[in-house]
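The following exercises are to be worked with the sequence and the 3D structure at hand. Each task is followed by a solution in steps.

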Amino acid sequence: MSNSYLQLLLVLVIYIISAISAQPHENYDDSVFTLQVPTLEETNLDNLLSFGYYHKSCPQFESILQNKVKEWIKKDYTLAASLLRLHFHDCSVRGCDGSILLKHEGSERTALPSKTLRGYEVIDDIKAEIERQCPKTVSCADILTTAARDATVELGGPYWPVPYGRKDGKVSVDKEAELVPIGHENITSLIEYFQSKGLTVLDLVVLSGAHTIGRTTCGSIQYRLYNYRGTGKPDPTIDPKYLNYLKRKCRWASEYVYLDAITPKTFDREYYLNLKKNMGLLSTDQLLYSDSRTSPFVSAFTTTPSLFQHQFAFSMSKFGVIDVLTDQDEDGEIRTNCNFVNDYSY
Ligand code: HEM
Ligand SMILES: *[C@@H]1O[C@H](CO)[C@@H](O)[C@H](O)[C@H]1NC(C)=O
């Protein structure tokens, strides 16, 4: 083992230890915990978000949510991946404020990178039930964040504690959602994009591991199959057998293909093993293994089985508190309908 490889492992072990110690004890039922992720010192979320936020006002919130998510995924497992992606797109623009859910002309939802987002009906259904039981209490932002976690767990992914108290934003602009990466970017711009959200290269690599579940429309990857960057040839980094499979599968742009060809319905580390076999579906997936800034992390996730799950949980809890609106922000509210700001709904 080379020296730098050992150093990397050490770094990852430290990350895991800090991830585990950042989580509260098993029973956080009667006390209020605040999230203390060391890397977020500058954000200072102390006493703004908390695990006990709905403890008095809507104690059944978590069980309603968990049951609903379970029910929907049982009917259609593909919704699990879609909910996780919806959360990614929500937090990527104006933080985790439910702005992706707003439905009006020129909202984020209408932007190009949002085109294949789905799962909105799950959030609407959960919201309706929660409004029946605890009116005007639980934000859409908290619902989406928690649904993404529960959906991940349903497919065998890790659990991470979600602190509550996010408020819903009132602003949603399509232009801002155009900046969300669509899979054609280079690693430098991905790293910069993540850094602009306070996320590291490690976060980029581990969160991309969400592509261990779910699918893409063929329209997103057809450019890799025939005329890659004007060469008149396929992307040379695709494994030839996999390329043949993709060409057969993707005759129409509206067809779907699994992001993880081997275990598409299980949240596991197979995604990283695929990258080593030149079977990354998006070019932004495959590039993680060819770029020297990201490939050591890919290797670490393939060699140490539990590392991915632990690190994913840690990075997701960091991700889920990006730029949140809280009680102290006047521009936040608790929407009664996740599709509309309150002013519009009456
Ligand atoms: C690193 C930058 C990322 C890029 C470039 C990217 C790009 C994409 C693209 C192009 C699709 C397929 C869209 C389609 O054609 O239907 C997709 C799907 C998906 N993405 Fe990402 N993504 C990124 C990061 C993330 C992150 C951070 C998460 C979550 C933590 C995530 C979760 C998902 C999931 C679960 C799907 C499958 C959705 C479904 O089956 O409905 N992605 N992503
Ligand atoms: C990466 O993409 C950005 C944005 O498209 C571009 O400005 C930059 O030159 C690219 N960098 C490399 C190293 O190709």
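**Exercise 1: a pair of helices**

In this predicted model, α3 and α5 pass each other in a left-handed crossing. Task: determine at what angle the axes of α3 and α5 cross, and which residues of the two helices meet.

Solution.
Step 1. Locate helix α5 at residues 140-154 and α3 at residues 78-92.
Step 2. Compare the axes: those of α3 and α5 come within 8 Å and cross at roughly 145°.
Step 3. List the partners. From α3 come A80, L83, L84, L86, H87 and D90, and they meet L144, T145, A147, A148, A151, T152 and E154 of α5.
Step 4. Sort the contact of α3 with α5 by class: eight residues are nonpolar, three polar and two charged.

**Exercise 2: the surroundings of V122**

Task: decide whether V122 is buried or exposed, and state which residues V122 contacts beyond its neighbours within four places in sequence.

Solution.
Step 1. Place V122 in helix α4, residues 120-133.
Step 2. Count the other C-beta atoms within 10 Å of V122; there are 24. A residue is buried at 20 or more, so V122 is buried.
Step 3. Set aside the neighbours within four places in sequence; V122 is then in contact with W72, L79, L83 and A147. Of these, L83 in α3 and A147 in α5 also appear in the list of Exercise 1.
Step 4. Examine the distance to E71: this residue is 51 residues from V122 along the chain, and their C-alpha atoms are separated by 9.8 Å.

**Exercise 3: a residue in a loop**

Task: establish where S50 is placed and whether S50 is buried or exposed.

Solution.
Step 1. S50 belongs to the loop between α1 (3-22) and α2 (61-75).
Step 2. Inside 10 Å, S50 has 20 C-beta neighbours, and it therefore counts as buried.
Step 3. Compare sequence with space: S50 and G165 are 115 residues apart in sequence, while 6.6 Å separates their C-alpha atoms.

**Exercise 4: the shell around ligand 1**

Task: describe which elements and domains give residues to the shell around ligand 1.

Solution.
Step 1. The shell has 26 residues, of which T116, A210, G214, T216 and S220 come nearest.
Step 2. Two or more residues each are given by α3, α8 (201-208) and β2 (215-217); the largest share, six residues, is that of α3.
Step 3. By class, the shell around ligand 1 holds 12 nonpolar, 11 polar and three charged residues.
Step 4. Domain 1 (49-180 + 317-344) and domain 2 (187-316) both contribute to the shell, so ligand 1 lies between them.

Conventions
Residues are numbered from 1 along each chain as its sequence is written. Chains are lettered from A and ligands numbered from 1 in the order in which they are written. This is a predicted model: local features need pLDDT of at least 70, side-chain atom pairs count only at pLDDT 80 or more; totals for chains, interfaces and linings use all residues. A residue is near a molecule or strand if its C-beta atom, placed from the backbone, lies within 6 Å of it. Helices (H or I, at least four residues) and strands (E, at least two) are DSSP runs, numbered from the N terminus. Ala, Val, Leu, Ile, Met, Phe, Trp, Tyr, Cys and Pro count as nonpolar, Asp, Glu, Lys and Arg as charged, and the others, Gly among them, as polar. Domain bounds come from an automatic or database domain assignment. A residue is buried if 20 or more other C-beta atoms lie within 10 Å of its own, exposed if 12 or fewer, and partly exposed in between; C-beta atoms are placed from the backbone. Axes are lines fitted to C-alpha atoms, for helices over the stretch in contact, and angles run from 0 to 180 degrees between N-to-C directions. A crossing is left-handed if the near helix is turned anticlockwise from the far one by less than a right angle, and right-handed if clockwise. Two residues are in contact if their C-beta atoms, placed from the backbone, lie within 7 Å.
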